[in-house]
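Trainee: I would like to work through the charged side chains and their surroundings with you, taking one question at a time. Could we begin once the model is in front of us?

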Amino acid sequence: MKYRTLSPMQKNQIVEMRKAGMKCKDIAEVFSAPYSTISTILSHWKVHGSVESLKSQCGRPRKLSERDFWVLCRAVSSNRRHTLVELANLVSVSRTTVRLYLRELGFRNCIAPKKPYLNVKHKADRLAFARAYESWTDESSFETGKNPQQIRVWQKAYEKYNWDCIAPSFKFGRSSMMVWGAFIGFDKSPLVTIPSNKRSSSDFVTIVYEGVLIGFYFLHDDPEQLILMEDGAPVHRNSLPVQWRRAHGIEKLFWPTNSPDLNPIENVWMVVKDLLKHHSRPNSKLEMIEKIQSVWDTISIEWLRTLISTMPYRMQAVIAAGGGSTRW
């Protein structure tokens, strides 16, 4: 015998009949339906509070409950350096499953970019500088004892430079050779090597200021319109360099602490170091100096002008980050 399918309205009538005290056998006779069908409808109503059929889920059932899903989301958001093993143990699933769920949330396991540590005062100074900004100068170390370890963090596409997604770098534990250089919009200075045993303020004044800077600075037609940019290194802030700049009428730009991303010459050093990778490994410091000089000579004035033109965008990025780190 073939029975017709019961509509949602009829199923609700069955429930009402049962509430009124009718037996399942009598209800089955009214609707010409099997007793088992009536019993199944009433059992569904008792468990779910409704006679509507549950929506079926396509594909395999999800391995994480909704609660575990949000536990995983909160764990990654609160500590970006969790490993896959730690996260997998937290919700009792495989590492592959965790990776798939994190991708669903928009997270990718990436290498944390190294940026200088910025405290509250540093950020405030950077904001003040960005809202106020041309001779760009700086020293760069070519390191021999650099730690190549990379830190991986979980991040979303737009979170690369968030504080908890970066690896702060600190200025200690390095063995290196130091060079100094400078540029303005239409010229660049000779490169200066600073010996490791001559890095005091007096040595800096003798080797850099009197050796190169004074000639480079006053070589141009109107040096009074130039402002010297130097970071907050001790050799720039000590009394001797300050007195020397004042005696020679050189104005120095205020510079916020730990802000290499605001100095375009840092991009120059990055390119120099990158190009050095294509050279054979130097066997001595003298050979290293020669290679650095050869790469410095290839830097074009046109590209330096392009770097200077990025300054408005750097200032906007600092303001948008609330004084925090930027991609520059």
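Trainee: In this predicted model, which residue forms a salt bridge with Glu287?
Mentor: The closest N and O atoms of the pair are 3.9 Å apart, which falls within the 4 Å cut-off for a side-chain nitrogen of Lys or Arg and a carboxyl oxygen of Asp or Glu. Both residues lie in helix α12 (residues 285-298), four residues apart, about one turn of the helix. The partner of Glu287 is Lys291.

Trainee: Is Lys291 buried or partly exposed?
Mentor: Glu287 has 24% relative accessibility and therefore counts as partly exposed, since buried means under 20% relative accessible area. For Lys291 the relative accessibility is 13%, so Lys291 counts as buried.

Trainee: Which residues are joined into one network by salt bridges that share partners?
Mentor: A search of the whole structure finds eight salt bridges. Where salt bridges share partners, they join into one network Arg80, Glu159 and Asp164.

Trainee: How far apart, N to O, are the side chains of Arg126 and Asp261 in their salt bridge?
Mentor: Arg126 and Asp261 are both buried, and their side chains meet in a salt bridge. The N to O distance there is 2.8 Å.

Trainee: Is Arg67, which forms a salt bridge with Asp68, buried or exposed?
Mentor: The closest N and O atoms of Arg67 and Asp68 are 3.6 Å apart. Asp68, at 22% relative accessibility, counts as partly exposed. Arg67 has a relative accessible area of 61%, and because exposed means over 50%, Arg67 is exposed.

Trainee: Which helix gives the most to the positive patch?
Mentor: The positive surface patch is formed by Arg95, Arg99, Arg103 and Arg108. Arg103, which is partly exposed at 46% relative accessibility, is found in helix α6. With three residues, the element that gives the most to the patch is helix α6 (residues 95-105).

Trainee: How far apart in space, C-alpha to C-alpha, are Tyr101 and Leu64?
Mentor: Tyr101 also lies in helix α6, and at 8% relative accessibility Tyr101 counts as buried. Leaving aside neighbours within four places in sequence, Tyr101 is in contact with Arg62, Lys63, Leu64, Phe69 and Leu72. Although Tyr101 and Leu64 are 37 residues apart in sequence, their C-alpha to C-alpha separation is 8.8 Å.

Technical notes. Residues numbered from 1 in each chain as written. Predicted model: local features only at pLDDT ≥ 70, side-chain atom pairs only at ≥ 80, totals over all residues. Heavy atoms only, no water. Patch = residues over 30% accessible without salt bridge, like charges linked within 9 Å, V, L, I, M, F, W, Y side chains within 5 Å. Areas by Shrake-Rupley, 256 points an atom, 1.4 Å probe, with all protein chains shown as cover. Lys, Arg positive; Asp, Glu negative; His and termini not counted. Charge placed at Lys NZ, Arg CZ, Asp CG, Glu CD. Helix = DSSP H or I, 4+ residues; strand = E, 2+ residues; numbered from the N terminus. Buried < 20%, exposed > 50% of the residue type's maximum accessible area, 1.4 Å probe, protein only. Contact = heavy atoms within 4.5 Å.
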